[in-house]
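Colleague: I would like to go through this model with you and hear the reasoning behind each label. Please take the terms slowly, as I am still learning them.

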Amino acid sequence: MANKEALRELQSRLAERLKAAQSQERGRSWLAVECAGHGFLFPLQEAGEIFPFAPAVPVPYTSRWFLGVANLRGKLHGVVDLAGFLGIRGNEVAREQSWFVAFNNDLNINSALMVDRLSGLRSLEQLKREHDDGQAKPAFVGAPYRDENNRLWRELNLAALANESAFLRIAG
């Protein structure tokens, strides 16, 4: 019971900080998440509500990374395993410690991304932009950044991800 209360508190604190950061005009801010050992930054203006892991109803004949449909606060959302979609997850199954990050309502897509861990909020002041390695990347993959602990974070443009053809075919 204490774990559920702690999760609710964490979700509530992050939601409050998300709303506060979204209303701030200064600098760029991101929600930092982790998937399969990789760090990703979701722009706050594109990230929506955060939900604790909930079972998804599988949908037959879809991609392995599409976990199914989940009822999140009374709305049906297609749930995508972000690490699976990016091709960085092995055969591990979804864990109860995972989180769902919905797309912002302004993007008009009822989908959520399953991430392994929430790592808080990051601002441009906390990160140093890295030089790009020059390798070809999908349009939704943005700039690389490093934090004060030398951890690499890669920005993901959620609006561009939502318009990716493979994503739209299944989750859109």
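What follows is a conversation about salt bridges, a sheet, a hairpin and one glycine.

Modeller: This is a predicted model, in which local features need pLDDT of at least 70 and side-chain atom pairs count only at pLDDT 80 or more, whereas totals for chains, interfaces and linings use all residues. Residues are numbered from 1 along each chain as its sequence is written, and side-chain values use heavy atoms, with hydrogens and water left out.

Colleague: Why is the contact of Glu-155 with Arg-28 called a salt bridge?

Modeller: A salt bridge is a side-chain nitrogen of Lys or Arg within 4 Å of a carboxyl oxygen of Asp or Glu. The closest N and O atoms of Glu-155 and Arg-28 are 2.4 Å apart, and therefore the pair meets the rule. It links distant parts of the chain, with Glu-155 in strand E11 (residues 152-156) and Arg-28 in the loop between helix H1 (2-23) and strand E1 (29-35), 127 residues apart. Helices (H or I, at least four residues) and strands (E, at least two) are DSSP runs, numbered from the N terminus. By the salt-bridge rule, the count comes to eight.

Colleague: How do you know whether Glu-155 is buried or exposed?

Modeller: Buried means under 20% relative accessible area, exposed means over 50%, and partly exposed lies in between (1.4 Å probe, protein chains only). Glu-155 has 8% relative accessibility, so Glu-155 counts as buried, whereas Arg-28, with 39%, is partly exposed.

Colleague: What makes Glu-34 and Arg-151 a salt bridge, and which parts of the chain does the pair tie together?

Modeller: Their side chains meet at 3.5 Å, N to O, so the pair fits the 4 Å rule. Glu-34 lies in strand E1 and Arg-151 in the loop between strand E10 (141-146) and E11, so the pair ties together parts that are 117 residues apart in sequence. Glu-34 is buried, with a relative accessible area of 13%, while Arg-151 is partly exposed, with 24%.

Colleague: Which residues are linked in a network of salt bridges?

Modeller: The network links Asp-132, Asp-133, Lys-137 and Arg-154. Within this group, the side chains of Asp-132 and Lys-137 meet in a salt bridge at 2.9 Å, N to O. Asp-132 is called partly exposed because its relative accessible area is 45%, and Lys-137 is called partly exposed because its value is 27%.

Colleague: Why are strand E8 and strand E9 said to stand at the edges of the sheet?

Modeller: The open sheet has six strands in the order E8-E1-E2-E11-E10-E9, with mixed pairing. Strand E8 (117-123) and strand E9 (128-129) each have a single partner strand, so one side of each is left without a neighbour in the sheet.

Colleague: How do you know that E1 and E8 pair?

Modeller: Two strands pair if DSSP finds at least two bridges between them. E1 and E8 have five bridges and run in the antiparallel sense, so the condition is met; at one of these places, Leu-31 has Leu-121 in E8 as its bridge partner. Strand E2 (residues 38-43) and E11 run parallel and are joined by three bridges, with Phe-40 opposite Arg-154 in E11. E11 is mostly covered, since four of its five residues are buried.

Colleague: What makes Asn-150 in the hairpin turn worth pointing out?

Modeller: E10 and E11 pair in the antiparallel sense over four bridges and form a hairpin with five residues between them. Asn-150 has a positive phi of about 70 degrees although it is not a glycine. Asn-150 has a relative accessible area of 54%, and is therefore exposed.

Colleague: Why is Gly-68 called buried, and which residues does Gly-68 touch?

Modeller: Gly-68 lies in strand E4 (residues 66-72) and counts as buried because its relative accessibility is 0%. Contact means heavy atoms within 4.5 Å, and, not counting residues up to four places away in sequence, Gly-68 touches Ala-56, Val-57, Pro-58, Val-59, His-77, Gly-78 and Val-79. Gly-68 and Pro-58 are ten residues apart in sequence, and 4.2 Å apart in space, C-alpha to C-alpha.
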